[in-house]
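Open the model in your viewer and keep the selection panel at hand. We will go stop by stop.

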Amino acid sequence: MAAPRSWALWSFCGRGWSRAVSGYRLPGLRSSSPRGPLGARLLSQEKEATETHFGFETVSEEEKGGKVYQVFESVAKKYDVMNDMMSLGIHRVWKDLLLWKMRPFPGTQLLDVAGGTGDIAFRFLNYVQAQHQRKQKRQLRAQQNLSWEEIARKYQNEEDSLGGSRVMVCDINKEMLKIGKQKAHAQGYKAGLAWILGDAEELPFDDDKFDVYTIAFGIRNVTHIDQALQEAHRVLKPGGRFLCLEFSQVNNPLLSRLYDVYSFQVIPVLGEVIAGDWKSYQYLVESIRQFPSQEEFKEMIEDAGFQKVTYENLTSGIVAIHSGFKL
Ligand SMILES: COc1cc(O)cc(C/C=C(\C)CC/C=C(\C)CC/C=C(\C)CC/C=C(\C)CC/C=C(\C)CC/C=C(\C)CC/C=C(\C)CC/C=C(\C)CC/C=C(\C)CCC=C(C)C)c1O
Ligand SMILES: C[S@@+](CC[C@H](N)C(=O)[O-])C[C@H]1O[C@@H](n2cnc3c(N)ncnc32)[C@H](O)[C@@H]1O
C-alpha cells in the first residue's frame, strides 16, 4: 500500500531542507490555501519547494524536465560509446549484476523505465531465452520419443523461445528510444520487446501489471522522485519487485578522492572530445553528487510503500542496486 498523502507530507517535513530542494512535490500543500502564520510558512515552503536542482544549478521544477530532455536528446547518438569509454566497460558488469539479482524466469513481465537505448531490456531477453532453452533441453531429454521436426519446431518458434516473458521499455526521450530501436533491429531483438514513450512520474499503464520494475541510471534525472516511486509501486503486481541501479555514495575515502578527480576533471573532457558535449557530462557528474545516499534512498523507497527494501553496493558504492517488494 502506498503511503497516504498526509503521511507523505509528514515524512517530507522530517527530512529537512536538503530534500526540499531536491524536487519533492508537496501534494498536501498544493491543494489548500492556508492562512495565518502557519499558513504563511507553508506558502513560503510551497514557493521554495517548486525549485529543484539541475546538477548544481537551481532551477524551477517546470524547467527541469525540459533541460533533462535536452541532455539526452544531445547525447543519444554517442550514449553507448561514451558509457564504455567513461567506465572502461564497467557499466556492462553493473547491468549484468542487476539481471543476476533479478533472476527472471520464463514468463516474467518486466517494465524497464528510463530504459533509453535498451541495455537492460536486451540483457533481460538474453537471460530469459537462455533460461528457457535450458528448460526446453531438460524437457526434450525427458521426451526421448519426439521427432527431429518436432524438436526443430520447438527451437524455431521465436515467441516461445522466451517462455512468455516480455519487456516494455518506457522512456521520456524520443531520441534515446530511436537509438534503442535501431540497436534492437540491428541485433535481431524483436519478440517480447516493446517501446513506449512515457514519463516515470505518470506511467501510461494500469495498476498491477508487471512482475518486475527496473530503472537503471534513470531516477536521478526525474524531477519528483517520490512520485516516480509511487508509480512504480502502482504498476507492479502484488508480489512484484522494484530494482534500481543508480550512482550512489563511495564508501572508500581514497577511492572517493580519485573518483572525484576523475569525475570532475576527466568525464566532462571525455564528453567534449567524444561527443562534443561538455555540458551534458558536467550535468552527469553534478547530478550524481545531488542524489541521496544509499540509506536515504532506501527510506524513500519504503515511503512509497515497498517492503523488504535492501541495497547492495557495487564498486565500493560508486553505484548501488536497491531492491523492494510490493507485498
Ligand atoms: C548525460 O547523462 C548521462 C550520460 C551518459 O553517457 C551516461 C549516463 C549514465 C551512466 C552510465 C550508464 C554509466 C557510465 C559510467 C560512468 C559515468 C563512469 C563511472 C566511473 C567508473 C567506473 C570509474 C571510476 C573511477 C575511479 C574510481 C577513480 C579511478 C580513476 C582512475 C584511476 C583514473 C583517474 C585518472 C586521472 C584523474 C588522470 C587523468 C586521466 C586521463 C586524462 C585518462 C582518462 C582515463 C580513463 C578513460 C580511464 C579511467 C579509468 C577507469 C574507468 C578505471 C576505473 C578503475 C576503478 C573502478 C578502480 C548519464 O546519466
Ligand atoms: C542515463 S540514461 C539510462 C538509460 C538506460 N537505462 C541505461 O542504463 O543505459 C537515463 C534515461 O532516463 C530517461 N529519463 C529521464 N527522465 C525521465 C522520466 N521522467 N521518465 C522516463 N524516462 C526519463 C532519459 O531520457 C534517459 O534515456
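The tour below starts with the whole chain and then visits its parts. Keep in mind that this is a predicted model.

**Stop 1: the whole chain**

Show the protein chain as a cartoon. There are 14 helices and nine strands. Colour by burial next: of the 327 residues, 35% count as buried. Now turn to contacts between residues at least 6 apart in sequence. Of these, 72% join residues at least 24 apart.

**Stop 2: a hairpin**

Select residues 51–54, which are strand 1. Add residues 57–60, strand 2. The two strands run antiparallel and are joined by four bridges. Find Glu51 and look across to strand 2: Ser60 stands opposite. Two residues lie between the strands of this hairpin, and Gly55 has a positive phi near 65°.

Which residues of strand 1 lie on its covered face, and which on its uncovered one? Thr52 and Phe54 are on the covered face, while Glu51 and His53 are on the uncovered face. In a regular strand, side chains alternate between the two faces of the sheet.

**Stop 3: the open sheet**

Select the seven strands that form an open sheet, in the order 5-4-3-6-7-9-8. Their pairing is mixed. Go to the edges: strand 5 (193–197) and strand 8 (307–314) each have a single partner strand, so one side of each is left without a neighbour in the sheet. On average, neighbouring strands here are turned by 15° against each other, direction ignored.

Move on to strand 6 (210–216) and strand 7 (236–247). They pair in the parallel sense, over six bridges. Label Ala216; opposite, in strand 7, is Leu245. Then add helix 7, which packs on the sheet. Helix 7 touches strand 6, strand 7, strand 8 and strand 9 (319–325). The direction of helix 7 makes about 160° with that of strand 7.

**Stop 4: two nonpolar cores**

Which residues touch the most other members of the largest nonpolar core? They are Leu111, Tyr213 and Phe242, in a core of 45 residues. Centre the view on Tyr213. Leaving out residues up to four places away in sequence, Tyr213 touches Leu111, Val113, Ala232, Val235, Leu236, Gly240 and Phe242. Another core, of 15 residues, lies apart from this one. Met86, Ile267, Tyr283 and Val285 are among its members.

**Stop 5: ligand 1**

Select ligand 1 and the 23 residues around it. Ser87, His91, Phe217, Leu258 and Leu284 come nearest. Five helices each give two or more residues to this shell: helix 5 (61–75), helix 6 (79–87), helix 7 (90–102), helix 12 (253–275) and helix 13 (278–290). Helix 12 gives the most, with seven residues. Colour the shell by class: 17 residues are nonpolar, six are polar and none is charged.

**Stop 6: ligand 2**

Now select ligand 2, which 20 residues surround. The closest are Ala114, Gly116, Asn173, Ala200 and Ala216. Helix 5 and helix 8 (119–142) are the elements that give two or more residues to this shell. By class, the shell holds 11 nonpolar, five polar and four charged residues.

**Stop 7: Asp119**

Finish at Asp119, in helix 8. Is Asp119 buried or exposed? Asp119 is buried, because 22 other C-beta atoms lie within 10 Å, and 20 or more are enough to count as buried. Last, draw a line from Asp119 to Lys183: their C-alpha atoms are separated by 9.7 Å, though the two are 64 residues apart along the chain.

How values were computed:
Residues numbered from 1 in each chain as written. Chains lettered and ligands numbered in written order. Predicted model: local features only at pLDDT ≥ 70, side-chain atom pairs only at ≥ 80, totals over all residues. Near = placed C-beta within 6 Å. Nonpolar A, V, L, I, M, F, W, Y, C, P; charged D, E, K, R; others polar. Pairing = 2+ DSSP bridges. Axes fitted to C-alpha atoms, helices over the stretch in contact; angles between N-to-C directions. Contact = placed C-beta atoms within 7 Å. Core = buried A, V, L, I, M, F, W, Y, C linked by C-beta atoms within 7 Å. Buried ≥ 20, exposed ≤ 12 C-beta atoms within 10 Å, placed from the backbone.
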